[in-house]
Amino acid sequence: MNQINQRRPQANWYRDAFDGMARRAKGVLLSVTCSIVMIAGVSAQERSEKQFSKYVDSKGNISLPEEFETTFVHLGSIAVAPKTGADVTELHATYTRAEDVKAFQKDGHFADGAILVKEVRSAKGEDLPTGHTRFAADVKIWFVMVKDGTGRFKDNDLWGDGWGWALFNANDRTKQVATDYRTDCRTCHVPAKGNDWIYTQCYPSLKKIDAKSKADVSTSETSPTKDLVARFPQWKEAIHLKGDLAKGRKYFESKTINTSLTCASCHSFDVRDTMSLDGDGLVRSGFPIFAAAHRTDIKHSGTGLVALGANVCVVHFMKGEPPGMTPQELADMNQFLQSGGNAKHATAKNVDYAHLKWTIPETLSGGDAKKGGALVMQTCISCHSVDGKNARVLDAAGKIGGGSFAAADLKKLALRIRNPEYKNNDEMPGYSDIRLSNQALLDILAWLTTK
Ligand code: HEC
Ligand code: HEC
Ligand code: HEC
């Protein structure tokens, strides 16, 4: 064994990452057992998609729930008039399952497999003893959305952005007629993007959080989905606020909490980002987050709640007072993070938490100082001025120069660069070995200690 295991950082989210892995491992065992019991002629793929939703077949075809009028709950109605002051001509009624409302009330988002049916009817009316009324007449059309938390059916044009999307005309409730959700649906749902594409403001019952489900959330040990939400109770308020993209961006670029670090000193947010190189040519300690809103495993929690992932950094790295951002700041940050790339962008990929390591090699000498100098210009210069060149993102960390440290400091330096919890390293982020390989670390050490 040629690696020394460093003390693992103490912050909760790292611990949770490992708990999460343990849970996942149990899940695997469970499904292995199931497949032994259920040896039938169906492939694993088909079976798992069948289990996912009874309204979605193995290819991702969505059906209009046969029985929704009698078994679903009415989430809310929208009366639509062609212009201000005119009579209402359409009534839109949205239905879902009771379990989907309950899950939303707990943690503010639709669970995997949640289904929404919007029925559009024309409106007619009479003057009744109550007043000038309008009520529902013939069905015109049904819209259906099915929540997809894991990015299924990648080649199907009716699946994407975390949902399956479908449309049925009144004359045939068995025939799905939409062809591409991007043009048929998404353009119109953009104003609701910050609320996972759903016009949640139209449905007051989504806001009701009863005492029982509150308790469920705070004592939840088992569901990783609820962990981030349980840790940050302000999220429940934040999801009902309108976020301000510009304020979120400002926070990302310039706000510091109790350390000198901004989000931008550790993450890039740039259309040119890849998972290995930041769009501006630097390599920061955190991965780029341009399309992180499309990741499904933020902070290894099994959810896509990207703003809560950011809030973990506020408390952990920026030393903000728990629970971190205010509800309004969280809503603004969410709006900003949702404005990044689409699900196909290079940074929409989940961070490989299982393989992040903060270990240093046993032998610290032998690096290439010249290569090390170039690496420092790509990594450390985001916060430090290097050999007289100004820091590029945040000038808050002082100067470092080639050959300015003694060889006796090698170990201290290595620990400082790798490990965020090392005690003399309060303000400086640690580079995991995915962001900075051991060879790169040795090269940097050579540069720092070679006159
Ligand atoms: C003309 C713009 C427009 C188009 C096109 C559109 N939607 Fe919507 N949709 C809305 C609006 C606005 C609401 C909420 C208010 C309302 O119904 O008037 C809504 C509501 C919904 C709802 C109820 C949940 C919610 O967000 O309120 C579903 C389900 C839905 N749409 C699905 C679809 C699907 C699937 C498609 C594509 C086949 C689609 N929509 C196309 C504008 C649109
Ligand atoms: C000191 C460095 C540092 C600072 C400051 C920082 N982060 Fe992070 N952040 C990290 C590291 C390290 C991770 C773990 C995963 C990785 O390497 O990207 C992370 C993870 C994340 C994630 C989750 C990524 C995922 O897919 O799990 C998001 C989102 C995020 N940060 C956003 C922010 C935002 C927004 C801010 C400012 C409020 C911020 N971070 C401040 C270092 C930092
Ligand atoms: C996100 C900002 C940031 C990045 C990137 C960064 N540092 Fe730092 N670094 C700091 C801060 C802030 C301090 C001062 C506070 C402290 O000592 O913890 C510091 C301190 C140091 C010190 C101690 C200086 C001294 O004189 O004692 C060294 C050495 C150092 N950094 C090396 C590096 C190297 C090498 C890299 C690149 C691999 C790097 N840093 C990347 C923020 C950063």
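This report describes a predicted model of a protein chain with its ligands.

Residues are numbered from 1 along each chain as its sequence is written, while chains are lettered from A and ligands numbered from 1 in the order in which they are written. Because the model is predicted, local features need pLDDT of at least 70 and side-chain atom pairs count only at pLDDT 80 or more, whereas totals for chains, interfaces and linings use all residues.

## The chain as a whole

The protein chain has 14 helices and 12 strands. Both are DSSP runs numbered from the N terminus: helices are H or I with at least four residues, and strands are E with at least two. Of the 451 residues, 36% count as buried. A residue is buried if 20 or more other C-beta atoms lie within 10 Å of its own, exposed if 12 or fewer, and partly exposed in between; the C-beta atoms are placed from the backbone. Now take contacts between residues at least 6 apart in sequence: 62% of them join residues at least 24 apart. Two residues are in contact if their C-beta atoms, placed from the backbone, lie within 7 Å.

## Three ligand shells

Each ligand has a shell of residues around it. A residue is near a molecule if its C-beta atom, placed from the backbone, lies within 6 Å of it. Residues are also sorted by class. Ala, Val, Leu, Ile, Met, Phe, Trp, Tyr, Cys and Pro count as nonpolar, Asp, Glu, Lys and Arg as charged, and the others, Gly among them, as polar.

| Shell | Nonpolar | Polar | Charged |
|---|---|---|---|
| Ligand 1 | 15 residues | 3 residues | 2 residues |
| Ligand 2 | 17 residues | 5 residues | 2 residues |
| Ligand 3 | 13 residues | 8 residues | 3 residues |

Start with ligand 1. Of the 20 residues around it, F143, L167, C185, C188 and Y199 come nearest. Several elements give two or more residues to this shell, including strand 2 (73–80), strand 3 (90–96) and strand 4 (115–124). Helix 5 gives the most, with 4 residues.

Ligand 2 has 24 residues around it, and C263, C266, G286, A310 and P429 come nearest. Helix 10 supplies the largest share of this shell, 5 residues.

Ligand 3 also has its shell. Of the 24 residues there, C380, C383, A397, E427 and M428 come nearest. The largest share, 3 residues, comes from helix 13 (residues 410–418).

## A residue in strand 2

H74 is found in strand 2. It counts as partly exposed because it has 13 C-beta neighbours inside 10 Å. Leaving out residues up to four places away in sequence, H74 touches A93 and Y95. H74 and Y95 are 21 residues apart in sequence, but their C-alpha atoms are 4.6 Å apart in space.

## Helix 11 and its crossing with helix 9

Helix 11 (residues 327–338) has 12 residues. From its first C-alpha to its last it reaches 16 Å, close to the 16 Å expected at 1.5 Å a residue. The expected span is 1.5 Å times one less than the number of residues. Helix 11 is largely enclosed by the rest of the structure, because 10 of its 12 residues are buried. Among them are L330, A331 and L337. The buried residues pack against helix 8 (235–238), helix 9 (245–254) and helix 10 (306–316).

Two packed helices are described by the angle between their axes and the distance between the axes. The axes of helix 9 and helix 11 come within 7 Å and cross at roughly 95 degrees. Axes are lines fitted to C-alpha atoms, for helices over the stretch in contact, and angles run from 0 to 180 degrees between N-to-C directions. The two helices are therefore roughly perpendicular to each other. Angles under 35 degrees count as roughly parallel, over 145 as roughly antiparallel, 65 to 115 as roughly perpendicular and the rest as oblique. Residues making the contact include K247 and R249 of helix 9, and E329 and D332 of helix 11. By class, this contact has 5 nonpolar, 2 polar and 4 charged residues.

## Helix 14 and its crossing with helix 12

Helix 14 is likewise largely enclosed, because 10 of its 12 residues are buried. Those buried residues pack against strand 10 (360–361), helix 12 and helix 13. The axes of helix 12 (residues 369–378) and helix 14 (residues 438–449) come within 7 Å and cross at roughly 100 degrees. That makes helix 12 roughly perpendicular to helix 14. The residues in contact include L375 and V376 of helix 12, and I444 and W447 of helix 14. By class, they divide into 7 nonpolar, 2 polar and 2 charged.
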